[in-house]
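This report is for a reader who has not met this structure before. Please look through the sequence and the structure, then read on.

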Amino acid sequence: MAANLRRRQIMGNDIKNKEPSLTNIDWKQAPKNARWWAMDKDGEAHWFCVPDVAAFTDFWFSEPKPAPTFNFDGDWSQSLTERPVKLGDK
């Protein structure tokens with residue numbers, strides 16, 4: 001990861017000042033219940049699904065699932081992207 005960051009800096013691609021390119025996320029590859037896609041600081045991407053609520057309890061949980069990076073090259077802290085709503089949903 002550090003080598004990739006250094007390579008980007010050498011090539012003049014300062015990712016801190018670059019707008020994230022979120023338009024390349026292919027939601028057809030996402031799990032059916034995935035609601036968000038995001039990159040972590042280590043360069044790994046994840047799908048985040050709608051939380052599961054355990055019956056007869058007062059807690060919920062959601063396990064991130066590995067996802068493609070879709071060549072994301074923006075600031076990871078700005079990468080959280082919600083799945084677009086299709087007509088007829090909700």
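What follows covers confidence first and then the sheet.

The model is predicted. Its mean pLDDT is 78, and 71% of the residues reach 70 or more. Among the elements, helix H1 (residues 2-10) has the lowest mean pLDDT, 46, while strand S5 (residues 65-67) has the highest, 97. Over residues 3-21 the pLDDT is below 50; this stretch has 16 contacts in the model beyond near neighbours in sequence. Where pLDDT is low, the predicted coordinates should not be read in detail.

Four strands make up an open sheet with antiparallel pairing, in the order S5-S2-S1-S6. S5 and strand S6 (81-82) are the edge strands, each pairing on one side only. For two of the pairings, the table gives the bridges and one pair of opposite residues.

| Strand pair | Sense | Bridges | Opposite residues |
|---|---|---|---|
| S2 (residues 45-49) and S5 | antiparallel | three bridges | Trp47 and Lys65 |
| S1 (residues 34-39) and S2 | antiparallel | five bridges | Trp36 and Phe48 |

Strand S2 takes part in both of these pairings, with S5 and with S1. Is S2 enclosed by the rest of the structure or open? Four of its five residues are buried, so S2 is largely enclosed by the rest of the structure.

S1 and S2 also form a hairpin, with five residues between the two strands. In the turn, Gly43 has a positive phi of about 85°.

Key: Residues are numbered from 1 along each chain as its sequence is written. This is a predicted model: local features need pLDDT of at least 70, side-chain atom pairs count only at pLDDT 80 or more; totals for chains, interfaces and linings use all residues. Side-chain values use heavy atoms; hydrogens and water are left out. pLDDT is the predictor's confidence in each residue, from 0 to 100. Contact means heavy atoms within 4.5 Å. Two strands pair if DSSP finds at least two bridges between them. Buried means under 20% relative accessible area, exposed over 50%, partly exposed in between (1.4 Å probe, protein chains only).
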